[in-house]
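Visitor: I should like to learn how charged pairs and the nonpolar core are read in a structure. Please begin with the charged pairs.

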Amino acid sequence: MQNTPAESIHAHLHEVERLRHHRIAQAGLVRASEQIKHFQQERFRRSYADLLEHPRYTGAAHFFLNHLYGPGDFSRRDAQFARVVPVVVRLFPSDVVGTVAKLAHLHALSEGLDTRMGEQLRHTTTEVLTAQSYLQAWQAVGHAELRSQQIELTIAIGAELDRLTRKPLLRQALRMMRGPAAAAGLDELQTFLETGFDTFRAMKGAKDFLATVEAREQELATALFSANVRPSNAAERKHLAEVQQHFPS
């Protein structure tokens, strides 16, 4: 039997909370996981420097950078959100609830992968995480299917935000939700939805933007899995150098 949106959101937030407690209980794991998050955000900034500066795409690119790839501490938001999931389902339009469910799923999936990479790094990371150690952790964790799902969810959230912008009454409905959302402790969720709506509406069509992000992310994921951490010939060294160009020095 398929879970309802409320049940799915609850399950994903419960998993995020479980992972958070797990990291706190393991020496060095919080720090290592945070290093991963910051490194990945800087990688996104590097990979999408052109879109971040593009007049049409800058808003959406910054939205992805700060809201989907950001290393922020969402523990307070998640705790409030988990308590009022029935309110979310009741107050927000069903299309919006579906988007929120995907966001919760992406949040749990990303936290799980970041935690696993942190576990690989916590005994070896220095103050500055390197492309080499990141690559080693990535390959040690594996889970190509989850990496692919992570990309698919990111693109799906963007596509749903783009679709919602074509509903002329929804922006007004979201604006009217500010008071009830604030009273229910959903300020951050409200901000996420309004910011996403406004940035995607300003883009006037997200097809090309989302296609670019999906292609680059899938290409990089494939390259990361296929790169030889200890190259033994010129071709492998060239491939590794190409992969490392995506990451902060």
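Guide: Side chains of opposite charge can pair when their charged atoms come close. In this predicted model, Glu111 and Lys37 form a salt bridge whose closest N and O atoms are 2.4 Å apart. Glu111 belongs to helix α7 and Lys37 to helix α2 (residues 29–47), so this pair ties together parts 74 residues apart in sequence.

Visitor: Are Glu111 and Lys37 buried or exposed?

Guide: Glu111 is buried, as is Lys37.

Visitor: With which residue does Arg23 form a salt bridge?

Guide: The partner of Arg23 is Glu111, with the closest N and O atoms 2.8 Å apart. Arg23 is in helix α1 (residues 5–25) and Glu111 in helix α7, 88 residues apart, which links distant parts of the chain. Arg23 and Glu111 are both buried.

Visitor: How does one read a pair with Arg163 in it?

Guide: Arg163 meets Asp95 in a salt bridge at 3.6 Å, N to O. Arg163 lies in helix α9 (residues 144–164) and Asp95 in helix α7, so parts 68 residues apart in sequence are tied together. Arg163 counts as partly exposed because its relative accessibility is 32%, a value between the limits of 20% and 50%. Asp95, at 24%, is partly exposed as well.

Visitor: Which residues are joined into one network by salt bridges that share partners?

Guide: Arg23, Lys37, Glu111 and Asp114 are joined in this way. The structure holds 13 salt bridges.

Visitor: How many residues has the largest nonpolar core?

Guide: That core has 70 residues, and those with the most contacts inside it include Phe64, Phe200 and Phe209. Helix α7 (residues 94–121) supplies the largest share, 11 residues. Among the residues that Phe200 touches are Phe63, Phe64, Leu161 and Phe209.

How values were computed: Residues numbered from 1 in each chain as written. Predicted model: local features only at pLDDT ≥ 70, side-chain atom pairs only at ≥ 80, totals over all residues. Heavy atoms only, no water. Core = buried A, V, L, I, M, F, W, Y, C linked by side-chain atoms within 4.5 Å. Buried < 20%, exposed > 50% of the residue type's maximum accessible area, 1.4 Å probe, protein only. Helix = DSSP H or I, 4+ residues; strand = E, 2+ residues; numbered from the N terminus. Contact = heavy atoms within 4.5 Å. Salt bridge = Lys/Arg side-chain N within 4 Å of Asp/Glu carboxyl O. Lists of a residue's contacts leave out its neighbours within four places in sequence.
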